[in-house]
Amino acid sequence: MLEALTGKVFATVASISMFLFSSYSGNDPSFRALSSRVGGNYLQLRTNLVGAFDNDFPDVFNSGTVIPVNFSLSIRSGNRVLAERHFQNRVRYDPGKGTYEVYTAGMNRTIETESYAHMLAEISGFECSIPYNPDWGVVSLRLESSLPTLKFAQIRKPVDLMVLWKYKKPRISINLDLHKTS
């Protein structure tokens with residue numbers, strides 16, 4: 001049992017070290033179309049990142065370090081900011097249990113899964129419900145995602161994860177007429 005756990009930890013250290021000292025391909029992340037729905041006094045928004053976590057990300061996600069994915073939402077009417085919200089999805093792999101724990105801030109939900117594909121679907125997703133005022137009329141919504149700089153315990157040096165997105169933050173914008181939905 002101890003040998004198996006030691007082997008997993010060593011494999012994680014080796015993987016993250018190889019990731020940090022090897023060449024990387026980088027990704028070109030984008031968002032799927034932003035869907036919106038009005039229910040009661042809330043505006044519900046949903047989308048997900050596409051092509052964001054390919055190439056070197058399996059090593060990053062399996063490092064055992066908490067990996068955050070940041071989302072910033074802005075709602076404007078002309079030059080006036082009506083609402084700004086910041087959300088952070090997080091994932092942490094537990095090599096001892098072989099599971100991913102994923103927290104999605106927009107829905108305030110935590111799941112645990114052994115499936116890498118399920119973890120990717122959860123960490124890539126953006127979903128939130130925010131209060132709105134029908135008097136806002138025509139608004140523009142802008143959603144942007146980014147990754148932080150992290151220190152990995154295995155190598156003790158900061159790594160800007162945005163390098164894996166070629167330093168490009170994916171963005172999506174739409175216009176909505178909230179008068180029509182009230």
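So, Val 139 in strand S9 (138–146) has Leu 176, over in S12, as its bridge partner. Helices here (H or I, at least four residues) and strands (E, at least two) are DSSP runs, numbered from the N terminus. S9 and S12 run antiparallel to each other, paired over seven bridges, where pairing asks for at least two DSSP bridges between the strands.

Before I go on, a word on what we're looking at: this is a predicted model, with local features needing pLDDT of at least 70 and side-chain atom pairs counted only at pLDDT 80 or more, while totals for chains, interfaces and linings use all residues. Residues are numbered from 1 along each chain as its sequence is written, and side-chain values use heavy atoms, with hydrogens and water left out.

Okay, back to S12. In a regular strand, side chains alternate between the two faces of the sheet. Along S12, Ile 172, Ile 174 and Leu 176 point to one face and are buried, whereas Arg 171, Ser 173, Asn 175 and Asp 177 point to the other face and are not buried. For the cut-offs, buried is under 20% relative accessible area, exposed is over 50%, and partly exposed is in between, using a 1.4 Å probe and protein chains only.

Now the sheet itself. Six strands make an open sheet, antiparallel in its pairing, and the order is S7-S6-S5-S4-S9-S12. At the edges sit strand S7 (109–113) and strand S12 (171–177), each pairing on one side only. From one strand to the next the twist averages 15 degrees. And helix H3 (residues 116–124) packs on this sheet, touching strand S4 (67–77), S5, S6 and S7. The direction of H3 makes about 15 degrees with that of S6. Those axes are lines fitted to C-alpha atoms, for helices over the stretch in contact, and the angles run from 0 to 180 degrees between N-to-C directions. Contact, by the way, is heavy atoms within 4.5 Å.

Elsewhere in the sheet, strand S5 (residues 80–94) pairs with strand S6 (residues 99–104), again antiparallel, over five bridges. One pair to click on there is Asp 94, whose bridge partner in S6 is Thr 99.

Let me go to Arg 76, which lies in S4. Is Arg 76 buried or partly exposed? Arg 76 counts as partly exposed because its relative accessibility is 32%. Its C-alpha is 5.5 Å from that of Val 139, although the two are 63 residues apart in sequence. Setting aside residues up to four places away in sequence, Arg 76 touches Val 81, Leu 82, Val 138, Val 139 and Ser 140.

Arg 76 also turns up in the lining of the largest pocket, along with residues including Ser 72, Ser 74, Leu 141, Glu 144 and Ser 173. Which strand gives the largest share of that lining? That's S9, with five residues, and S4 and S9 each supply at least two. The space in the pocket comes to about 160 Å³. A pocket here is found on a 1 Å grid over the protein atoms alone: an open set of points where a 1.4 Å probe fits, with protein on both sides within 12 Å along at least five of seven lines, and lining residues have an atom within 4 Å of a point. Grid points are joined across faces, edges and corners, and the volume is the space filled by probe spheres set on the points.

On to the core. Nonpolar side chains in soluble globular proteins tend to be buried together. The largest nonpolar core has 47 residues, and Leu 43, Phe 53, Phe 61, Ile 75, Leu 141 and Leu 161 touch the most other members. A core is a set of buried Ala, Val, Leu, Ile, Met, Phe, Trp, Tyr and Cys residues joined through side-chain atoms within 4.5 Å. Leaving aside neighbours within four places in sequence, the contacts of Phe 53 include Phe 61, Val 69, Tyr 116, Leu 147 and Trp 165.

Last stop, the loop between strand S11 (158–160) and S12, where you'll find Lys 166 and Tyr 167. Lys 166 has a phi near 55 degrees, positive in a residue other than glycine, and Tyr 167 has a positive phi too, near 60 degrees. Tyr 167 is exposed, because its relative accessible area is 54%, while Lys 166, at 35%, counts as partly exposed.
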